[in-house]
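Student: I have the sequence and the model open. Let's go through the cavities, the charged pairs and the odd backbone angles.

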Amino acid sequence: MATASVGHRFVDFLNGASGSPFAACVAVQKELLAAGFTKLNEESPWTLTPGGRYFVTRNGSSVVAFAVGARYAPVQSGCSIVGAHIDSPFLKLKPSSAVESCGTLSIACEVYGGGIWQTWFDRDLGIAGRVFVKEGDGYAAKVVRITRPLFRIPTVATHLDMRYADGWAPNKENDLRAIAAVASTPSDIGAISSFNTKSGRPKHHPVLLAMLAREIGCSPEAICNFELALCDSQPATIGGVLGDYIFSQGLDNLNGSFCALQGFLQSTASLATEKNIRMIFLFDHEEVGSMSPQGADSPIVLRMIERIVTCLPRPSTPISHEELVDIMLRKSLILSIDNAHAVHPNNPGKHESQHAPQMNKGPVLKYNVCTRYATEGVGALLMLKLAAEHNIPIQEFVVRQDMPCGTTIGPISSSKTSIRTVDLGNPQLSMHSIREVCGVADIGHMSNLILQFFNNHSSFNVNLDG
């Protein structure tokens, strides 16, 4: 997998997908349709066949795609699963976002996830998400991603605020309002729709709705609701003196989602000789705990497997549907892909010296004895063996024992399904900043590891459970 080529493809993907999970869902869906996948509706019956390729979206902010091996056979088959998340920390517009102060129209936001909010100051910001529009007798959701410099969260000059000298942290309620425009007189702002009225005042600045309406191609009065967030207006790019790095918003975890998608799509070339069901789950809401219908803490993985088994042809057998699913779960494996912490060149002491992953040195296998990561001995052995057999560099990480450990969808998915799970991720710096950095070469390494996982999992011959 050519490093430069896959790096540029990832940058192109980021420049359509970053900013909101809705934009990411659209970008993923576009690639699946181009690869010949059939979109299914969860509200309608399914008819599935071995060799078929399918996907569903849920809430417009998560994707489940699966390809059924042409040699699928109940009892013999398992599931080869890769999970990732497509959400990232952002500033979401409040249900009533209009603020006016000192002749300035500002936008009030609430924080989503654990962002490094200082990095959002003094940057050109756009807006992304979805807008609900009245169309005839119904409604339509319009995904928007506007990367013009529309908003800015200004800092207070250091001459006026001595907090900077003491390690300043913003007040999330007061300091994270984004300026949008000079205040207009009432005659300048136009009509206020019923949606945009609360106690006789506009919930959102009419100039904001007018701008959205122009972008969508509707009247401001047709806008009925929205889910919008501020986003970085600077495009993703390849950077560094030698072009080693990618700079972008949302690398955690569009990096993992893109690699999962690329490895999965490339693996369909070997579907004719496959017996397993290959699946990718791209979840929403990981950054806030995964507790939603489209999050990893829902029954979505287990229910999707059960439904696929139900809808595939099944020969006459005395084995019950429930036992068939249980057998399949024990033959399955999940790779949880979420970016890892690269060792920081200015602060190497934040890592334990023997577990200090570097960018462009390969995917990171993540361990935590307290199950903050799901990796255990058998899963680690399988991944190390797979990487060695296909000349894929791999690194290992365990957090320093005097520091807290993050977590991923891995432990959630494992406990919800009882499927063995391995936590991996590409190393990055500046995690949860508005502008993150990862290695170009690692995109190819991780995509290849996932490809080899899909191509080889059904032939793994390791049974060490005792």
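Tutor: First, a definition for the lining classes: Ala, Val, Leu, Ile, Met, Phe, Trp, Tyr, Cys and Pro count as nonpolar, Asp, Glu, Lys and Arg as charged, and the others, Gly among them, as polar. Keep in mind that this is a predicted model.

Student: What are the classes of the residues that line the largest cavity?

Tutor: The largest cavity has a volume of about 80 Å³. Of its 14 lining residues, S18, G19, S20, I86 and S88 are the closest to the centre. By class, the lining has 7 nonpolar, 6 polar and 1 charged residues.

Student: How many cavities of 30 Å³ or more does the structure hold?

Tutor: The second largest has a volume of about 50 Å³. Counting cavities of 30 Å³ or more, the structure holds 3.

Student: Which residues line the second largest cavity?

Tutor: Start with the classes: 3 nonpolar, 5 polar and 1 charged. The lining residues are S88, P89, W120, Q249, G250, H432, S433, I434 and E436.

Student: Now E287. Which side chain of opposite charge is nearest to E287, and how far away is it?

Tutor: E287 sits in the loop between β15 (277–283) and α5 (300–311). A salt bridge needs a side-chain nitrogen of Lys or Arg within 4 Å of a carboxyl oxygen of Asp or Glu. E287 is buried and has no salt bridge. The nearest side chain of opposite charge is K366, 10 Å away.

Student: Which residues does E287 contact, leaving aside neighbours within four places in sequence?

Tutor: S88, P89 and H432 line the second largest cavity. Each of these three is also in contact with E287. The full set of contacts is H85, D87, S88, P89, Y112, G113, D252 and H432.

Student: D252 is on that list. Which residue is joined to D252 by a cis peptide bond?

Tutor: Most peptide bonds are trans. Here omega is about 15°. The partner is placed in helix α4 (residues 251–267). The residue joined to D252 is N253.

Student: Is S290 buried or exposed?

Tutor: S290 lies in the loop between β15 and α5. Its phi is near 70°, a positive value in a residue other than glycine. The cut-off for burial is under 20% relative accessible area. At 2% relative accessibility, S290 counts as buried.

Student: What is the relative accessible area of N59?

Tutor: N59 also has a positive phi, about 65°, although it is not a glycine. N59 lies in the loop between β2 (53–58) and β3 (62–68). N59 is partly exposed, with a relative accessible area of 33%.

Student: On to the open sites. Which residues are closest to the centre of the largest pocket?

Tutor: The largest pocket has a volume of about 700 Å³. β19 (395–398) and β21 (427–429) each supply at least two residues of its lining. By class, the lining has 10 nonpolar, 12 polar and 9 charged residues. Of the 31 residues that line the largest pocket, the closest to its centre are H341, Y373, F397, G406 and M431.

Student: How many residues apart are R130 and E227?

Tutor: R130 and E227 form a salt bridge, with the closest N and O atoms 2.7 Å apart. R130 is in strand β7 (residues 125–135) and E227 in strand β12 (residues 223–232), so the pair links distant parts of the chain. R130 counts as buried at 12% relative accessibility, while E227 counts as partly exposed at 26%. The separation is 97 residues.

Student: Why are R303 and E306 separated by about one helical turn?

Tutor: Their side chains meet in a salt bridge of 2.6 Å, N to O. R303 counts as partly exposed at 48% relative accessibility, and E306 as partly exposed at 22%. The separation is about one turn because the two are 3 residues apart in helix α5.

Student: Which residue pairs with D402 in a salt bridge?

Tutor: D402 is exposed, with a relative accessible area of 56%. Its closest N to O distance in the bridge is 2.7 Å. The partner is partly exposed, at 26%. The residue is R400.

Student: How many salt bridges does a search of the whole structure find?

Tutor: Beyond the pairs, R123, D232 and R435 are linked in a network. The search of the whole structure finds 14.

Notes: Residues are numbered from 1 along each chain as its sequence is written. Side-chain values use heavy atoms; hydrogens and water are left out. On a 1 Å grid over the protein atoms alone, a cavity is a set of points where a 1.4 Å probe fits but cannot get out, and a pocket is an open set with protein on both sides within 12 Å along at least five of seven lines; lining residues have an atom within 4 Å of a point. Grid points are joined across faces, edges and corners, and a volume is the space filled by probe spheres set on the points. Helices (H or I, at least four residues) and strands (E, at least two) are DSSP runs, numbered from the N terminus. Buried means under 20% relative accessible area, exposed over 50%, partly exposed in between (1.4 Å probe, protein chains only). Lys and Arg count as positive and Asp and Glu as negative; His and the chain ends are not counted. Contact means heavy atoms within 4.5 Å.
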